[in-house]
Structures are given as structure tokens and as C-alpha cells.
Amino acid sequence: MGIRLLGAGMYLPEKVVTNEDFTKIVDTSDEWITKRTGIKRRHISQGEYTWSMGLKAAKNAISNAKIDLLEIDMIIVTTISADFAYPSMSNVIQGKLGAKNAFGIDICCACAGFVYGLDMAQRYIDTDSNIKTVLVISSENVTKTVDYTDRSTCVLFGDGAGAVVVTKSENQAYSYLGADGTGAELLYSHLYPANNGFTDENVALENAKAFPNETGRYMYMDGQEVYKFAVNAMPDAMEKACEKAGIRPNDLDYIIPHQANIRIIETAVKRMNVDIDKVFVNIQETGNISSACIPVCLTQLVEQGKVKSGDKVGMVGFGAGLIYGAIVLTV
Ligand code: UT7
């Protein structure tokens with residue numbers, strides 16, 4: 001058994017920040033950002049909670065799916081930018097929605113989160129006869145994790161949320177998930193310092209040598225190393241997911257790659273031997289919204305009428321972990 005898409009939805013905050021706006025706060029230019037990343041604009045949250053953006057995307061997806069809230073059996077939320085250490089965002093959203101029959105799980109699989117969430121949805125649907133309809137939400141407030149004095153990271157990210165409702169179907173979705181945890185120190189941001197009332201500062205400093213905290217609560221990223229990983233990991237994951245589906249990447253009707261950098265997308269797509277016109281790109285308008293990138297693209301693909309029932313869409317992501325994954329979904 002597998003899954004099919006009942007509805008997709010999205011939410012992008014109203015405030016838009018252009019490359020020109022960044023020239024007023026850091027030493028950068030529209031030319032550098034456009035040429036090196038493909039980004040022109042990004043939507044950013046004005047203090048809106050991550051769960052709130054996720055709720056709005058979920059409502060949009062549920063309305064497009066034309067289902068009753070009580071039909072939702074499970075809610076999976078993917079995020080790297082939760083509002084709380086606890087409770088989970090899926091529980092908060094379940095309550096705000098009134099999806100009383102659903103239980104919830106949050107997963108942190110960085111920018112590949114939506115692919116992991118869809119994979120998980122299918123596995124629950126496949127193995128538990130009580131679970132037929134799953135809401136997968138990817139919601140991100142990435143900008144709160146970024147230092148707006150660091151030009152090498154702050155220009156890259158935006159905020160937003162995407163969501164889908166999937167239900168049991170005969171069409172299996174084929175996925176390939178992978179990780180290289182030796183790269184965990186290439187991209188991270190700290191949560192709480194590991195201090196308590198009995199902390200010995202010298203012991204604490206020794207313990208903090210892995211994952212140094214020079215960036216405080218903000219993102220640390222070795223951009224070039226992540227770049228090198230991504231241009232290999234994305235084609236690798238897509239090839240392997242397609243192999244399981246018995247097709248080649250170029251047999252897909254559409255490919256949605258994670259929107260981190262247009263140069264990464266172009267190189268990865270070339271390595272997949274895929275026609276570029278099959279690849280959906282919106283990075284110029286949204287920047288990198290971590291796990292929300294792929295479901296926002298999927299929603300736009302559906303809204304623009306570019307996919308029809310039965311089409312095969314390949315989605316592929318990578319990110320902190322280092323993590324990667326691809327899934328082939330029949331819509
Ligand atoms: O979702 C996954 C998360 N992250 C990623 O996917 C990021 C992957 N990496 C990348 O996309 C790219 O590595 C970046 C966009 C982050 C950087 O692009 P790059 O072509 O690798 O640039 P670079 O780091 O080699 O820097 C080249 C120059 C440096 O100056 P010098 O040392 O040559 O004088 C940087 O200081 O560009 C400078 N630079 C900037 N200049 C103007 C870095 N950021 C900026 C900026 N504006 N915003």
C-alpha cells in the first residue's frame with residue numbers, strides 16, 4: 001500500500017525583504033547574492049510563532065483536501081525552529097485545529113524534513129489499519145536562528161510553512177533516506193547552554209569543545225563543505241529512490257529539490273541527467289526556508305496546474321546532520 005496527495009497548502013509571512021534591503025545592514029550587494037545563490041527576495045516572520053505559520057499552512061491544505069478535521073488520524077510536524085522545547089508543535093497545532101482524533105509527532109530532520117515526514121506518513125499508514133489520513137506540516141522560522149551581522153548566512157534564509165494531507169492509496173511512494181553524521185559539526189545552532197547550579201566552568205569549557213559555541217544561539221555553517229556534500233547527496237538520493245520505483249530520474253514528471261542555492265540545484269540536476277524544465281524552482285522569491293521549501297514548492301506546483309493526477313513527483317532534500325533523502329510520490 002502507499003499514499004496519495006489529497007491536498008497541499010502553504011503560508012508565507014507578509015513581510016518581504018529584498019537583496020537591496022540587506023545592503024543597508026551588511027556589506028553585500030544584490031549582484032553577489034543573485035549570482036552566488038539565485039535569491040532575490042525572502043518572506044520573514046515578524047515575531048509570528050512557528051506553530052502559527054504551520055497552522056495556517058495546515059488549514060490551507062485541509063481546505064484544498066476537502067476533508068473533515070476529524071478524519072485526520074495523525075499529524076507530523078517537521079521543523080528546525082520550534083517555538084518550545086516542549087510541548088511538541090504537532091500537539092499545539094492539533095489543539096488549535098481541533099483535530100481531536102489525531103495524535104502528533106515532531107521530527108527534526110533539517111531541510112530534508114518534509115521528505116522524512118512523507119516517508120513516515122506512508123509507513124504509519126502501511127502498518128496501522130487505524131491510520132488512513134495524515135497531515136504533514138513543515139513550518140520554519142529560520143530567520144530567528146540567524147545572525148543578522150553575518151553576511152555569509154543571513155542573506156540566505158526566509159520563513160514560511162507548507163503542509164499536505166495524504167491518504168491511503170495503492171500507489172506506493174518510494175524513498176531513500178541517508179545521513180553522514182561525521183558532518184554534524186558543519187551546520188548547527190545551539191539550544192540551551194548545558195549549565196546548572198553546580199556547573200564547574202572549566203569542566204564545562206572542556207565538554208563544549210565539540211560544537212563550539214562561538215556563534216551563541218545563532219547558526220554556524222561551513223557553507224562550502226555543505227555545498228560539496230549537497231551536489232553529490234541530492235543526485236545520489238534521487239537516483240536511489242527512482243531505482244526503487246523502477247524508473248530513471250528523467251522519467252519523473254517533476255522534480256522538487258531543496259531550495260538552498262540555485263548553483264547547487266543546477267549542478268545536482270545536471271548530475272541526475274534530468275531536463276531542467278522538469279525542475280521546480282522558487283528560490284528567487286523565498287530563499288531557503290529549510291524543511292518548508294519542498295511543500296511550498298509542491299503547493300505552488302499544484303496551484304499552477306502543472307501536475308495532474310497520476311503524475312510522479314520526485315522530491316529531494318539535504319541539510320544539517322548532514323542528512324539527505326528523496327521520495328517519489330504519485331500525486
Ligand atoms: O539548507 C542547507 C543549508 N545551507 C546551504 O545549503 C549552504 C551551502 N553553501 C552555499 O550555498 C554557498 O557556499 C554560500 C552561498 C553559503 C557561499 O557561497 P560561496 O560561493 O561558497 O562563497 P564563499 O563562502 O567562497 O565566499 C566567497 C567570498 C568571500 O570573500 P573573500 O574571502 O573571497 O574575500 C566571502 O566573505 O564572498 C564573501 N561573501 C559575501 N560577499 C558579499 C560571503 N557572503 C557574502 C555576501 N555578500 N552576502
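Which residue forms a salt bridge with Asp 236? In this predicted model, the partner is Lys 240, and the legends below take up that contact together with other charged and aromatic pairs.

**View 1. The salt bridge between Asp 236 and Lys 240 in helix α8**. The closest N and O atoms of Asp 236 and Lys 240 are 3.1 Å apart. Both residues belong to helix α8, which covers residues 223-245, and because they are four residues apart in that helix, about one helical turn separates them. Asp 236 counts as partly exposed at 27% relative accessibility, and Lys 240, with a relative accessible area of 31%, is likewise partly exposed.

**View 2. The salt bridge between Arg 248 and Glu 239**. Here the closest N and O atoms lie 3.2 Å apart. Arg 248 has a relative accessibility of 46%, and since buried residues fall under 20% and exposed ones over 50%, Arg 248 counts as partly exposed.

**View 3. The salt bridge between Glu 285 and Arg 41**. The structure holds 11 salt bridges, one of which joins Glu 285 to Arg 41, with 2.9 Å between the closest N and O atoms. This pair links distant parts of the chain, as Glu 285 sits in helix α10 (residues 283-286) and Arg 41 in strand β3 (residues 41-43), 244 residues apart. Glu 285 is partly exposed, its relative accessible area being 33%, and Arg 41, at 30% relative accessibility, also counts as partly exposed.

**View 4. The aromatic pair of Tyr 188 and Tyr 220**. A pair of aromatic rings is described by the distance of the centres and the angle of the planes. The structure has eight aromatic pairs, and among them is the one formed by Tyr 188 and Tyr 220, with 5.4 Å from centre to centre and 35° between the planes, an arrangement that counts as tilted. Because Tyr 188 lies in strand β9 (residues 187-188) and Tyr 220 in strand β10 (residues 220-221), the pair ties together parts that are 32 residues apart in sequence. Tyr 188 is buried, at 12% relative accessibility, whereas Tyr 220 is partly exposed, with a relative accessible area of 32%.

**View 5. The aromatic cluster of Tyr 49, Trp 51 and Phe 84**. In this close-up, ring pairs link the side chains of Tyr 49, Trp 51 and Phe 84 into a cluster.

How values were computed: Residues numbered from 1 in each chain as written. Predicted model: local features only at pLDDT ≥ 70, side-chain atom pairs only at ≥ 80, totals over all residues. Heavy atoms only, no water. Salt bridge = Lys/Arg side-chain N within 4 Å of Asp/Glu carboxyl O. Helix = DSSP H or I, 4+ residues; strand = E, 2+ residues; numbered from the N terminus. Buried < 20%, exposed > 50% of the residue type's maximum accessible area, 1.4 Å probe, protein only. Phe/Tyr/Trp six-rings, centres within 6.5 Å; stacked < 30°, edge-to-face > 60°.
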